[in-house]
Amino acid sequence: MERTLWVIGLLALFALCVWLMYRGWQNRAARQEASIGELPTVPADLGAQVLEPTTGLYLGSTMAPSWQNRIAVGDLGFRATAELTRFERGILLERDGATVIWIPQESITAVRTERGHAGKVMTADGVLVVRWKLPTGTEIDTGFRGDDKSVYPAWTRQANNSTTTGDDEG
């Protein structure tokens, strides 16, 4: 009988811990909601495709510059397999089982590689990170771990060319 009470007590403690973590995630989302606001919608015309689609894992988005301050609003904080494609007008991130993220070209401030993002630590330059500004003015980092990391230089080079030449073409 005593053993049964111990098991029931430990299960109750575990359930309490899970519930407290869930409430903490909800409270974080409530605190971040005003600074995140509405995400940009995918436009009808994306422009020409600049880089081939890259498959991999969406690691989540964080409040810049902290690589561990994960965003809890909506489904931005959840990992998902994804496909990242670069177009003239921005970056399209299509996630399995989650909403599509559109990052307009004028919102992108940097594309770089990092060692870690959103609690995921990799080898050097193992994560592709896009820093961009939301319509609210908040800067966030969106992390992506590609299946083929040999495409990272093309992504960072394309971003540097776009930010230095400007977007005057149309």
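The following exercises, each with a worked solution, concern a predicted model of a protein.

**Exercise 1. Establish the overall make-up of the protein: how many helices and strands are there, and in what order do the elements run?**

Solution. Begin with the count of elements, which gives two helices and nine strands in the protein. Next, follow the chain from the N terminus, where the order reads α-β-β-β-β-β-β-β-β-β-α. The extent of the C-alpha trace can then be added, and along its principal axes this trace spans about 75 × 35 × 25 Å. Turning to burial, buried residues make up 38% of the 170 residues. The surface exposed by the protein comes to about 9,700 Å², of which carbon and sulfur atoms supply 56%. Finally, among the contacts with a separation of 6 or more, 61% are accounted for by residues 24 or more positions apart.

**Exercise 2. Describe the open sheet: in which order do its strands lie, and which are the edge strands?**

Solution. The first step is to list the strands, and here seven strands form an open sheet in the order β4-β3-β2-β1-β9-β8-β5, with antiparallel pairing. The edge strands are β4 (101-104) and β5, each of which pairs on one side only. Neighbouring strands of this sheet are turned against each other by 30 degrees on average, direction ignored.

With the order in hand, individual pairings can be examined. Strands β2 and β3 run antiparallel and are joined by six bridges, and in β3 it is glycine 90 that stands opposite phenylalanine 87. Six bridges likewise join β5 to β8 in an antiparallel arrangement, where glutamate 114 stands opposite valine 127 of β8. On to β9: β8 and β9 pair in the antiparallel sense over six bridges, and leucine 128 faces phenylalanine 144 in β9 as its opposite residue. The hairpin of β8 and β9 has five residues between the strands, and in this hairpin glycine 137 takes a positive phi near 95 degrees. As for cover, strand β8 (residues 127-133) is mostly covered, since six of its seven residues are buried.

**Exercise 3. Work out the setting of arginine 89: where does it lie, which residues does it touch, and with which residue does it form a salt bridge?**

Solution. Locate the residue first: arginine 89 lies in the loop between β2 (80-87) and β3 (90-95). Leaving aside residues up to four places away in sequence, arginine 89 touches Asp45, Leu46, Gly47, Trp102, Ile103, Pro104 and Gln105. For one of these, tryptophan 102, the C-alpha separation from arginine 89 is 9.7 Å, although the two stand 13 residues apart along the chain.

The salt bridge comes next, and here aspartate 45 is the partner of arginine 89, with the closest N and O atoms 3.3 Å apart. This pair links distant parts of the chain, because aspartate 45 sits in the loop between α1 and β1 (49-63) and arginine 89 in the loop between β2 and β3, 44 residues apart. To classify the partners, recall that partly exposed covers the range between under 20% and over 50% relative accessible area. Arginine 89, at 41%, is therefore partly exposed, and aspartate 45, at 42%, is partly exposed as well.

**Exercise 4. Take the salt bridges of the whole structure: how many are found, and which residues are joined into one network?**

Solution. A search of the whole structure finds five salt bridges. One of them brings together the side chains of aspartate 75 and arginine 95, at 2.9 Å from N to O. The two residues are 20 residues apart, with aspartate 75 in the loop between β1 and β2 and arginine 95 in strand β3. Arginine 95 has a relative accessible area of 5% and so counts as buried.

Another salt bridge is formed by arginine 112 with aspartate 141, the closest N and O atoms being 3.2 Å apart. Arginine 112 belongs to strand β5 (residues 108-114) and aspartate 141 to strand β9 (residues 139-146), 29 residues apart. Their burial has to be judged separately, for arginine 112 is partly exposed at 23% relative accessibility, whereas aspartate 141 is buried at 2%. The last step is to trace shared partners, which join Arg112, Glu114, Arg131 and Asp141 into one network of salt bridges.

Notes:
Residues numbered from 1 in each chain as written. Predicted model: local features only at pLDDT ≥ 70, side-chain atom pairs only at ≥ 80, totals over all residues. Heavy atoms only, no water. Helix = DSSP H or I, 4+ residues; strand = E, 2+ residues; numbered from the N terminus. Buried < 20%, exposed > 50% of the residue type's maximum accessible area, 1.4 Å probe, protein only. Contact = heavy atoms within 4.5 Å. Salt bridge = Lys/Arg side-chain N within 4 Å of Asp/Glu carboxyl O. Pairing = 2+ DSSP bridges. Axes fitted to C-alpha atoms, helices over the stretch in contact; angles between N-to-C directions. Areas by Shrake-Rupley, 256 points an atom, 1.4 Å probe, with all protein chains shown as cover.
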